[in-house]
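Me: Could you walk me through this model? I'd like short answers, please.

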Amino acid sequence: MKRRALLTKAAAGTAAIGLAATAISSEKVERLRDAAQDLGAPIVAYVTDAAKGEVVVMVGDSEVVRRDAALVARLSAIAKEARDVVAS
Amino acid sequence: MSSHREAPEISKDPVADNTDLYAFVDPTDASKVTIIANYIPLEEPAGGPNFFQFGDDVLYEIKIDNDGDAIEDVTYQFRFRTILGNPNTFLYNTGPITSLTSPSWNMRQLYSVTRVLRDGGDGERRRTVLGTDLVSPPVRIGPRSTPDYPALANLAIQTLPGGGRVFAGQRDEGFYVDLGSIFDLGALRPFGNLHLLPLPATGGKDGTKGYNVHTIALQVPKSDLTRDGSMPTNVMDPRSVIGVWATASRQRGRVRREDGQNESAGGWVQVSRLGNPLINEVVIPLGKKDGWNSREPYRDADFLPQYQDPELQNLLPVLYPGVFPNLATLLATPAATRSRDDLVAILGTGIPQGVVGGFQNFTGARVADMLRLNIAIPPSASPNTFGLIGGDAAGFPNGRRVADNVVAIELRAIAGVTLPLVRPTYKPDGAAALLTDGTSNAEGYLATFPYLQHPNEGYEHSHD
């Protein structure tokens with residue numbers, strides 16, 4: 001697949017997820033941002049099994065395993081963008 | 001070595017590398033047990049300016065099973081944090097360090113001790129912080145920087161609530177072994193002339209001589225470790241036996257920042273463990289060593305074949321042609337008919353009643369790498385470094401004391417000395433009972449807690 005086609009496909013995936021994201025109110029986004037800042041530590045997301053939509057979210061010395069296909073799809077799309085940036 | 005650089009992954013992460021574990025009824029106070037967990041292999045004493053220290057990002061743990069399921073019932077956790085006094089100098093110290101509060105000491109470590117109890121039933125953990133901001137002594141640099149090191153280091157022996165004591169800091173490497181020879185195709189210098197590729201027989205060379213380690217030493221009442229809080233006196237009572245192991249863990253995620261610092265996130269993942277000496281080193285094959293380090297002892301059943309037919313047993317008659325004829329004859333029979341159940345017992349389950357008169361340290365049928373200690377057995381008045389095979393039930397494999405010659409004990413056991421315990425018709429080869437690498441620890445040991453000798457200093461030390 002040519003790079004342009006890949007980018008287009010990735011962008012389409014991102015856009016699809018982005019639609020879902022727009023459903024979240026700006027107030028909620030603000031609250032989520034505040035919550036992340038309150039944690040006072042970096043947050044690391046580790047997609048352990050993309051096919052199952054499984055992601056480990058780590059902060060401090062805690063972690064939680066979630067099945068969230070939408071989140072994993074969005075992270076995967078961003079990862080493809082990142083890979084493409086490195087490759088180009 | 002006992003467990004130094006024993007697996008591919010942990011050999012690249014020395015700060016988290018368990019090297020040795022000791023557990024014994026304390027010879028100065030038989031109501032207590034001393035457990036010593038060493039980390040960081042082969043510390044060159046002169047290794048400045050950033051000398052060796054514990055990892056701030058490592059969770060160090062000593063774990064005790066007291067009901068035979070190979071799951072920890074009592075855990076002692078140790079966390080370290082480094083304090084940098086003056087970031088504008090490259091020096092570890094800017095003058096002599098004569099006290100634990102010396103302003104000349106620029107880079108120091110403090111640590112905390114937390115006791116975690118596993119309650120029955122739901123497995124809930126209860127945590128009690130036993131100490132915070134405890135001081136780890138400086139490393140031993142030389143006569144100008146650390147002029148009266150023994151007195152300085154002794155100040156770092158701390159008292160814990162409930163009658164315990166703790167020390168965390170640099171020590172002399174008390175484990176002795178001829179690294180240079182053993183890893184040269186399994187050669188033992190005293191028997192060099194009998195090797196497949198012969199060289200003159202000579203005395204051994206202690207490959208760890210002059211090196212240091214970082215030690216966590218803990219002395220606690222026996223009653224803190226037993227399942228019912230008792231002080232066992234009956235050797236044959238299963239409640240008298242505890243299983244001990246030590247671990248190091250790192251957080252699952254680590255991010256390297258562009259300012260040279262790191263950030264960690266996530267739960268703790270075990271990267272190193274140690275119960276009996278030399279298990280991951282010699283018994284577990286290369287392809288399984290990293291996995292073994294990450295596994296809990298209660299899941300060790302997969303490794304049973306390595307205990308039943310250890311690789312080293314099969315190498316001995318090849319490396320020393322004609323020296324082990326009885327072992328060679330045994331090995332010519334099908335493996336399924338000659339399981340080394342003596343080794344399974346000594347290293348995997350503990351020795352059941354009826355095998356060695358008046359002794360047992362059996363924790364149940366579950367094979368698990370734990371250092372098993374029957375705490376009803378009092379300290380020996382005249383310790384024999386060959387432990388149980390030397391007639392001294394207070395020594396390895398009943399726990400392990402700092403001076404026990406575990407290399408020779410395990411060599412002799414694997415060569416067949418202990419096989420008659422389960423196969424009375426087997427006659428061990430004469431050479432088996434003589435096996436040794438010919439080493440000893442020239443620096444000796446302390447007579448009191450924390451028992452391992454003060455570290456070698458950077459300014460003046462020597463290797464064998």
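Reply: Happy to, starting with two terms: strands pair if DSSP finds at least two bridges between them. Strands (E, at least two residues) and helices (H or I, at least four) are DSSP runs, numbered from the N terminus. This is a predicted model, where local features need pLDDT of at least 70 and side-chain atom pairs pLDDT 80 or more, while totals for chains, interfaces and linings use all residues. Residues are numbered from 1 along each chain, with chains lettered from A and ligands numbered from 1 as written.

Me: Thanks! How many helices and strands does chain A have?

Reply: Chain A has 3 helices and 3 strands. Going along its sequence, you meet them in the pattern α-α-β-β-β-α.

Me: And how do those strands line up in the sheet, in what order?

Reply: They form an open sheet in chain A with the order β1-β2-β3, and the pairing is antiparallel. At the edges stand β1 (43-49) and β3 (62-67) of chain A, and each has a single partner strand, so one side of each lacks a neighbour in the sheet.

Me: Over how many bridges do β2 and β3 of chain A pair?

Reply: Strand β2 of chain A, residues 54-59, is joined to β3(A) over 6 bridges, in the antiparallel sense. If you want a spot to look at, A:Glu54 sits opposite A:Arg67, which is in β3(A).

Me: What share of chain A counts as buried?

Reply: Of its 88 residues, 5% count as buried. Buried is 20 or more other C-beta atoms within 10 Å of a residue's own, exposed is 12 or fewer, and partly exposed is in between; C-beta atoms are placed from the backbone.

Me: Which contacts join residues at least 24 apart in chain A, as a percentage?

Reply: Among chain A contacts between residues at least 6 apart in sequence, 37% join residues at least 24 apart. Contact here is C-beta atoms within 7 Å.

Me: Switching topic: how many residues of chain B are in contact with chain A?

Reply: On the chain B side there are 9 residues, in contact with 11 residues of chain A. The elements of chain B giving two or more residues to that side are β10 (241-256) and β11 (262-274). The top contributor is β11(B), with 5 residues.

Me: What about other strands in chain B, say β4 and β5, how do they pair?

Reply: Strand β4 (residues 74-84) and strand β5 (residues 107-118) of chain B are antiparallel partners over 11 bridges. Look for B:Val74, whose bridge partner in β5(B) is B:Leu117. Then β5(B) also pairs with strand β6 (residues 125-136) of chain B, antiparallel again, over 9 bridges. There, B:Arg118 stands opposite B:Arg125 of β6(B).

Me: Two arginines, noted. Which residues are buried in helix α6 of chain B?

Reply: In α6 of chain B (residues 311-319), B:Gln313, B:Leu316 and B:Pro317 are buried. Viewed down the axis of α6(B), the buried residues fall within an arc of 85°, so they line one face of the helix. That arc comes from directions from the helix axis to the C-beta atoms.

Me: Nice. What is on the face turned away, and what covers the buried residues?

Reply: The face of α6(B) turned away from the buried side carries the exposed residues B:Glu311 and B:Val318. The cover over the buried residues of α6(B) includes α7 (325-331) and α9 (406-414) of chain B.

Me: Last one: where is B:Arg423, and is it buried or partly exposed?

Reply: B:Arg423 lies in the segment after α9 of chain B. B:Arg423 is partly exposed, because 16 other C-beta atoms lie within 10 Å. Its C-alpha atom is 9.1 Å from that of B:Arg338, though the two are 85 residues apart along the chain.

Note on methods:
Two residues are in contact if their C-beta atoms, placed from the backbone, lie within 7 Å.
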